[in-house]
Amino acid sequence: DVVHVPMGFRTPVPVALVHPALSVETRRARGVLPSAVDRPTVIAQMANTAAIVAAVATGDLALLGRSIDDRIAEPPRAVLVPGFPDAKIAALHAGALGCSFSGSGPTMFAICPDARSAQVVADAMAAAFAGHGLSATGWVSAIRAQGATVERFA
């Protein structure tokens, strides 16, 4: 059986992806994470996580962008990627609705209102990395509006 888990988005969600020319080992990225997190940070993180779920369910792209606010992993991992803060600021100033690391990094993603702005955002992030002496490759892609597909095998 194949089950489609629908999302509230009617069209694919544009995403700018930028990969600076460096590598960050997952083990190292995990190693910088805090061993304990204070209650206010956890509450904010869980509120953002719930808001992401609500945004996907309702198709609220603006809410999705605002909810991309990682308070636990992003701050310590940012030190592993020279230029990350500037690239994130550049993305938001160029029109991104939200921006963070993809996985443990160093690739970054930015949720964008449309494909044209996604290209502008990718270029802005790459330029920010160039300002830190790092070349970066950018792509524009999209999150499928169809949502996840779950396959059950008998």
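1. Let's start small, with one residue. A50 counts as partly exposed, because its relative accessibility is 47%, and the band for that label lies between under 20% for buried and over 50% for exposed. You'll find A50 in helix α2. If you want a sense of distance, pick out D114 as well: A50 and D114 are 64 residues apart in sequence, and their C-alpha atoms are 24 Å apart in space. Keep in mind throughout that this is a predicted model.

2. Now zoom out to the whole chain. The protein chain has six helices and six strands. Starting at the N terminus, the elements come in the order β-β-α-α-α-α-α-β-β-α-β-β. The C-alpha atoms fill a box of roughly 50 × 40 × 35 Å along the principal axes. How does the radius of gyration compare with that of a compact globule of 154 residues? The globule would come out near 15 Å and the protein chain has 16 Å, so the two agree.

3. A couple of totals help here too. Of the 154 residues, 38% count as buried. Taking contacts between residues at least 6 apart in sequence, 76% join residues at least 24 apart.

4. Back to A50's home, helix α2, which covers residues 39-58. Its 20 residues should span 28 Å at 1.5 Å a residue, and the end C-alpha atoms are indeed 28 Å apart, which agrees. Which residues of α2 are buried? They are T41, A44, Q45, N48, A51 and A55. Looking down the axis of α2, you'd see the buried residues fall within an arc of 120 degrees, so they line one face of the helix. As background, an α-helix has 3.6 residues a turn, so residues three or four places apart point the same way.

5. The face of α2 turned away from that buried side carries the exposed residues R39, I43, V53, A57 and T58. On the buried side, the cover includes α3, residues 61-67. After α2 comes G59, which has a positive phi, near 80 degrees.

6. Next, the sheet. Four strands make an open sheet in the order β3-β4-β2-β5, and the pairing is antiparallel. Why do β3 (98-101) and β5 (136-143) each have a side without a neighbour in the sheet? Both stand at the edges with a single partner strand each, so one side is left free of a neighbour. From one strand to the next, the twist averages 20 degrees.

7. Strand by strand, the pairings go like this. β3 and β4 (residues 108-111) are joined by four bridges and run antiparallel, with F101 having M108 in β4 as its bridge partner. Four bridges also join β2 to β4, again antiparallel, and here V18 stands opposite M108. β2 and β5 pair over eight bridges in the antiparallel sense, and L17 stands opposite W139 in β5. So M108 is a handy landmark, because you meet M108 opposite V18 and as the partner of F101.8. β2 (13-20) deserves a second look. Is β2 mostly covered or mostly open? β2 is mostly covered, with six of its eight residues buried.

9. Two helices lie across this sheet. Helix α5 (residues 84-93) crosses β3 and β4, running at about 155 degrees to β3. Helix α6 (residues 115-130) lies across β2, β3, β4 and β5, at about 15 degrees to β2. With 16 residues, α6 reaches 23 Å from its first C-alpha to its last, close to the 22 Å expected at 1.5 Å a residue.

10. What about burial in α6? S117, A118, V121, A122, A124, M125, A126, A128 and F129 are buried. What covers the buried residues of α6? The cover includes β2, α5, β3, β4 and β5.

11. Last stop: the loop between β3 and β4, where S104 has its place. Is S104 buried or exposed? S104 is buried, because its relative accessible area is 16% and buried means under 20%. Leaving out residues up to four places away in sequence, S104 touches V24, T26, A29 and R77.

Definitions and conventions:
Residues numbered from 1 in each chain as written. Predicted model: local features only at pLDDT ≥ 70, side-chain atom pairs only at ≥ 80, totals over all residues. Heavy atoms only, no water. Helix = DSSP H or I, 4+ residues; strand = E, 2+ residues; numbered from the N terminus. Expected span 1.5 Å × (residues − 1). Buried < 20%, exposed > 50% of the residue type's maximum accessible area, 1.4 Å probe, protein only. Arc of directions from axis to C-beta. Contact = heavy atoms within 4.5 Å. Pairing = 2+ DSSP bridges. Axes fitted to C-alpha atoms, helices over the stretch in contact; angles between N-to-C directions. Rg over C-alpha atoms; globule rule 2.2 N^0.38 Å.
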